[in-house]
Amino acid sequence: MQAYRRCLGQRQQQQHLIPALRSLHPLSVYGIDHPRQESTLATKGIGHLMRKGTGGRSSVSGIIATVFGATGFLGRYVVQQLAKTGTQVLVPFRASEDSHRHLKLMGDLGQIVPMKYNPRDENSIKAVMAKANVVLNLIGREYETRNFSFEEVNHGMAEQLAMIAKEHGGIMRFIQVSCLGASSTSPSRMLRAKAAAEEAILRELPEATIMKPAVMIGTEDRILNRWAHFAKKWSFLPLIGDGSTKIQPVYVVDVAAAIVSALKDDGTSMGKVYELGGPEVFTMHQLAELMHETIREWPRYVKVPFPIARAIASPRELLLRKVPFPLPTPDMFNLDHINSLTVDTVVSEDALTFKDLGIVPHKLKGYPIEFLISYRKGGPSFGSTVSERVTGTEF
Ligand SMILES: NC(=O)c1ccc[n+]([C@@H]2O[C@H](COP(=O)([O-])OP(=O)(O)OC[C@H]3O[C@@H](n4cnc5c(N)ncnc54)[C@H](OP(=O)(O)O)[C@@H]3O)[C@@H](O)[C@H]2O)c1
């Protein structure tokens, strides 16, 4: 009886406390009818956002992050690394339940929260951001569809997210994932749209962080997998231009680590732009050689000059909105990508990089490209694996 009375007393005490607490910290009323207000994005030097504690997947970091674009290639690595720090991750998704189910396994029960949303409905974006204190935007697409233009996906959506985060009032960090080479003068429309997004975000939220990764490599990548598949199927690989365009591919796990590292810091990464390239610069030809070496296929190239590559890729773009059915996704010949290959895309000399985030990016040769062994004739375990043949100096 005494225990019951004690319990009742505690409950009454709590009930008195709640209105008092509410007056001190008004509970979030952010929602569809919330009036527009000024940004309260934390200013520089806010201190560590992540609470100190035991750390680990079952801990509570204090961060609730809405990760737009979590269902993509980079998204899975970002969600995994966030979940590992005890962060609750809200995963907006627009497609089927299958698009996010691999992410659920990355966190403790209730830590990864998929939320259906409509990227064209402001209220639904507000709903997935309502409980968050961090927003990451990984949305992007390297080809246009009948429904979405480059500008809408890569610029319009990013700008809208920044505006909503500004109005939210409780978003402490906003990280935008752009692309290395994004510039208003780029020959690629997607990269011009990405540059416009960066500008719009920094205008709305000057304390946002922009990450500009180079082409990303990893198990689900869209360059080496595509090449390996093509080379196996057709016994040759088209090299656009003469294969001399320079790129600086980066391991996707390092990019995810850079994003998490920016969240963990004391606010120094706020308002900064980072260019995330791998430790080595490759020409397209050298990267193709590495791919062939790994899958153990004899390299045969067909050099496709830019005008011819454009001619092969153009019909899809011309017909995209003229035919009443969806056209296939561009694979090896994507007009915008071909245009982007007319210039080198490497990290600029004075840029902030992995080093400034305390990360040493992996060399590609070795573990980052070991997934390619699945393309080997005779099976993945046929012969030695790539990492077995990496010498100490190459590591
Ligand atoms: N992959 C690279 O090599 C590379 C290199 C540099 C920069 N980046 C940039 O890094 C970011 C992540 O790249 P990624 O390779 O992970 O991209 P991804 O695999 O193509 O995933 C893109 C994400 O954006 C979402 N998305 C695309 N179109 C959308 C739309 N119309 N409305 C709402 N959501 C949409 C996708 O959702 P659904 O699953 O619903 O389609 C997916 O979650 C992108 O911004 C990309 O531009 C990528």
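Q: What marks the residue just after helix 5?
A: G169, just after helix 5, takes a positive phi of about 95°. Helices are DSSP runs of H or I with at least four residues, strands are runs of E with at least two, and both are numbered from the N terminus. This is a predicted model, in which local features need pLDDT of at least 70, side-chain atom pairs count only at pLDDT 80 or more, and totals for chains, interfaces and linings use all residues. Residues are numbered from 1 along each chain as its sequence is written.

Q: Why is the reach of helix 5 called close to the expected value?
A: The expected span is 1.5 Å times one less than the number of residues in the helix. For helix 5 (residues 150–168), with 19 residues, the expected value is 27 Å, and the helix reaches 26 Å from its first C-alpha to its last.

Q: Where does helix 5 bend, and by how much?
A: The bend is about 30°, at G156. This value is the angle between two axes, one fitted to the seven residues ending there and the other to the seven starting there.

Q: What makes a residue of helix 5 buried, and what covers such residues?
A: A residue is buried if 20 or more other C-beta atoms, placed from the backbone, lie within 10 Å of its own; it is exposed if there are 12 or fewer, and partly exposed in between. In helix 5, the buried residues include F150, V153, M157 and L161. Their cover includes strand 1 (64–68), helix 4 (122–129) and helix 6 (189–204).

Q: Why is helix 2 called mostly covered?
A: Nine of its twelve residues are buried, among them L74, V78 and V79. Just after helix 2, G86 takes a positive phi of about 85°.

Q: Which residues come nearest to the ligand?
A: There are 22 residues around the ligand, and G69, G72, F73, L74 and G140 come nearest. A residue counts as near if its C-beta atom, placed from the backbone, lies within 6 Å of the molecule. Helix 2 (residues 73–84) supplies the largest share of this shell, three residues.

Q: How do you know that G277 is buried?
A: G277 has 24 other C-beta atoms within 10 Å, and it is therefore buried, since 20 or more suffice. Its place is the loop between strand 11 (273–276) and strand 12 (282–283). Residues are in contact if their C-beta atoms, placed from the backbone, lie within 7 Å. Leaving aside residues up to four places away in sequence, G277 touches L180, A214, Q248, V250, V346 and V347.

Q: Why does S235 count as exposed or buried?
A: S235 has 10 other C-beta atoms within 10 Å and is therefore exposed, as 12 or fewer is the limit. S235 lies in the loop between helix 7 (224–234) and strand 8 (237–240). It has a positive phi of about 60° although it is not a glycine. Most residues other than glycine have a negative phi.

Q: What makes R296 partly exposed?
A: R296 has 14 C-beta neighbours inside 10 Å and therefore counts as partly exposed. R296 also has a positive phi of about 60° without being a glycine.

Key: Two residues are in contact if their C-beta atoms, placed from the backbone, lie within 7 Å.
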